[in-house]
Amino acid sequence: MSEEKSLNFLEEIVEDNLAKGTVTEIHTRFPPEPNGYLHIGHAKSICLNFGLADKYGGKTNLRFDDTNPVTEDTEYVDSIKEDVKWLGFNWEEEHYASDYFVQLYEFALAMIGKGLAYVDDLSAEEIAAIKGTPTEPGKASPFRNRSIDENLSLFSEMKAGKYNDGEKVLRAKIDLASPNMHMRDPIMYRIKKVSHHRTGDAWCIYPMYDFAHGQSDSIEQISHSICTLEFEVHKPLYNWYIEQLGTFPSKQFEFARLNLTYTVMSKRKLLQLVQEKLVDGWDDPRMPTISGLRRRGYTPESIRNFCDKIGVQRRENIIDMGLLEFCIREDLNATAQRRMVVLDPIKLIITNYPQGKTEVLKGENNPEEENHGGYRDLPFSNELWIEADDFLEEAPKKWFRLAPGMKVRLKSAYIVQCTGYTKNEAGKVTEVHCEYIPESKSGEDSSGVSVKGTIHWISTDKSESAEVRLYDRLFKVENPSSEDEDFKTFINPNSLEIITSAKVEPALKDAKPGDRFQFIRKGYFTLDSMLSKEGKLVFNRTVGLKDAWAKEQKG
RNA sequence: UGCCCGAUAGUAUAAUGGUAGUACGUCAGAUUUUGGUUCUGAUUGUCUUGGUUCGAAUCCAGGUCGGGCAACCA
């Protein structure tokens, strides 16, 4: 307990900065572009940014880097805010890069004034053609040496809408021979005659991310700009802007993005899945999005705990999906109430239990909780639903469930012994017959009989019907993105199995969207918030229980 | 073949010149009215070659392998 948890490399940097006094206040930010939904990889970034500020008494802003009106939308802004809040974080200030458009425009004018930026008439293709390659230097545009005055008036004409998309851009004048491609006169502003989700038609020129992002950090006085590895090569450019403009010297630190097995983690790919209707939307429970995981039944605690467990480093990584599943099981095992649900029902007839007799037994809500989490009523009768695969005509080795002659405990009820069964013409077992031991009633068992197996059940006359959705991994291979083929060819065709007529116990009738349960011996489930209606229960399986028997059979 | 970054069990992550540890996974056992949970034990690792040092996962040099960089995307 007293064991000190070692610092991650970002915490070490922060502590070092604080100790040396190079930074006195920790100020971070989470800077999503509102062009898609947040996924579990963003959760890592969110936990890092908010966690760092929180740990060292600083603050964290939420800032939308909305510099490309073509792809951005308020729908995404709303979902991002909802997801960050749901994860349990509160931002200090809410900002938008678009709030800084005037300021950024003035920065651009200042750069032109210092002879450090110029208007280029070349097309995108022409610029690319003379940009060189990583091994060859680029060539100067014929417009590179325009006078400051000409640049100033051209840039203001760009702003005024005199030119069409692509006709002109504003470029920083840096070094066309730089081995870093981002320093070869990067574009600062481009013309896009497109309405912006916040500024509407006020602007027709928009700053590029590289110009806007770093300067937005400076404006907000972000001390530590945490981002993913691919932006490392952009850092010299950000630092160059800061130096030339004399703005607040935010320092950037990069970490390796999260990858998870059996899924994809790029907004582009996730968007593709949504647009091509390979899933039912951003919040499809199979998606690694925050909204998908939420609908699937994941808790914010489990996701935060996961982010803590995976740590943070600069090396490429791919985390086992099993760890995420471990985190939600760990949480739900302690907190979810137990219920009995039969997914594939067959009848169990107790031949020595009086027909028409009923009694109400007690089922513990959660054995992990104090006083078992209280109890719920379980109606019992001579005719029950049990799981079809809990009965076998011939018992294999190590079979602890029902088979002719075998005894099992009915969870929270009696021990029964199988006396026979009936089959239909197709050879399918339709009814299992048994006799119960009256002295073996749960909690007051004086029978002296011990059994290896316990199965779940529901009294047929008191059962409700429900739809249950069983989800499996979205992809068949561990890393769909690393293969040569299109990632979509690896989609798991069996990632969703819909069971339309599961039998559920009466206590589940009043389940509310977002309620989470453990269906005994089956897994953790939550009531679906979108598909459930008055009189129709739809449950999503969050994750199955560990299944030692399934493993035994496979091995 | 330019520049930048990285390399510790299967997967992650510690050890900050001094006994390579932890988690998940896997395997075995105990407990169990969930083949769940819990508990116990086992398993497996410093990319490579040199160098510095009493001592190297750690510092230095060469190599190998992996990732990133040439959008008017972010």
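**A protein chain and its RNA strand**

Of the atoms of RNA strand B within 4 Å of the protein, 63% belong to sugar or phosphate, while the rest are base atoms. The model is a predicted one, and the RNA strand makes a handy place to start. Around RNA strand B there are 61 residues, and those that come nearest are Glu12, Arg338, Ser442, Gln518 and Arg521. Sorted by class, the surface near the strand is made up of 23 nonpolar, 17 polar and 21 charged residues.

A few individual contacts help to fill in this picture. Ser6 has a polar side-chain atom 3.3 Å from a sugar or linking oxygen of RNA strand B. Glu232 does something along these lines: an N or O atom in its side chain is 3.4 Å from a sugar or linking oxygen of the strand. With Arg521, the base comes into play, as a backbone N or O atom of this residue lies 2.9 Å from a base oxygen of RNA strand B. As for secondary structure, the elements giving two or more residues to the surface near the strand are β6 (187-191), α11 (300-310), α12 (321-335) and α13 (548-554).

Arg521 also leads back into the protein. Its side chain is joined to that of Asp390 by a polar contact of 2.3 Å. Asp390 sits in the loop between β15 (383-387) and β16 (407-410), and with a relative accessible area of 1% this residue is buried. Leaving out residues up to four places away in sequence, Asp390 touches Trp399, Arg401, Leu402, Ile455, His456 and Arg521.

Now for the overall layout. Chain A is split into domain 1 (9-257), domain 2 (267-337 + 466-554) and domain 3 (341-456). Between the C-alpha centres of domain 1 and domain 3 there is a distance of 64 Å.

The largest nonpolar core holds 36 residues, and the ones with the most contacts inside it are Ile40, Ile46, Val84, Leu87, Leu260, Ile303 and Phe306. Two or more residues of this core come from each of α2 (40-55), β2 (59-64), α3 (74-86), α10 (290-296), α11 and α12. Domain 1 (9-257) and domain 2 (267-337 + 466-554) each supply at least three of the core's residues. Phe306 gives a closer look: setting aside residues up to four places away in sequence, this phenylalanine touches Ile40, Leu258, Leu260, Ile319, Leu323, Leu324 and Cys327. Apart from this core lies another one, of 31 residues, including Phe155, Met183, Trp203 and Tyr241.

Helix α2 also carries His42. This histidine is buried, at 14% relative accessible area. Beyond its neighbours within four places in sequence, His42 is in contact with Phe30, Tyr37 and Lys267.

Next come two residues picked out by their backbone angles. Most residues other than glycine have a negative phi. Tyr262 is not a glycine, yet it has a positive phi of about 65°. Its place is in the loop between β9 (251-255) and α9 (267-275), and at a relative accessible area of 15% Tyr262 counts as buried because the cut-off is under 20%. His372, another residue other than glycine, likewise has a positive phi, near 60°. This histidine lies in the loop between β13 (359-364) and β14 (375-380). His372 counts as partly exposed, since its relative accessibility is 33%.

One more loop deserves a look, the one between β14 and β15, where Ser381 is found. Ser381 is buried, with a relative accessible area of 5%. Along the sequence Ser381 and Ile458 are 77 residues apart, but in space their C-alpha atoms are 9.0 Å apart. Once neighbours within four places in sequence are left aside, the contacts of Ser381 are Ile350, Tyr353, Lys357, Thr358, Ser459 and Asp461. With one of these, Ser459, there is a polar contact of 2.8 Å between the two side chains. The side chain of Ser381 also reaches the backbone oxygen of Glu383, at 3.2 Å.

Key:
Residues are numbered from 1 along each chain as its sequence is written. Chains are lettered from A and ligands numbered from 1 in the order in which they are written. This is a predicted model: local features need pLDDT of at least 70, side-chain atom pairs count only at pLDDT 80 or more; totals for chains, interfaces and linings use all residues. Side-chain values use heavy atoms; hydrogens and water are left out. Helices (H or I, at least four residues) and strands (E, at least two) are DSSP runs, numbered from the N terminus. Buried means under 20% relative accessible area, exposed over 50%, partly exposed in between (1.4 Å probe, protein chains only). A polar contact is a pair of N or O atoms within 3.5 Å; within protein, one must be able to donate a hydrogen and the other to accept it, and residues adjacent in sequence count only if both atoms are side-chain atoms. Contact means heavy atoms within 4.5 Å. Domain bounds come from an automatic or database domain assignment. A residue is near a molecule or strand if one of its heavy atoms lies within 4 Å of it. Ala, Val, Leu, Ile, Met, Phe, Trp, Tyr, Cys and Pro count as nonpolar, Asp, Glu, Lys and Arg as charged, and the others, Gly among them, as polar. A nonpolar core is a set of buried Ala, Val, Leu, Ile, Met, Phe, Trp, Tyr and Cys residues joined through side-chain atoms within 4.5 Å.
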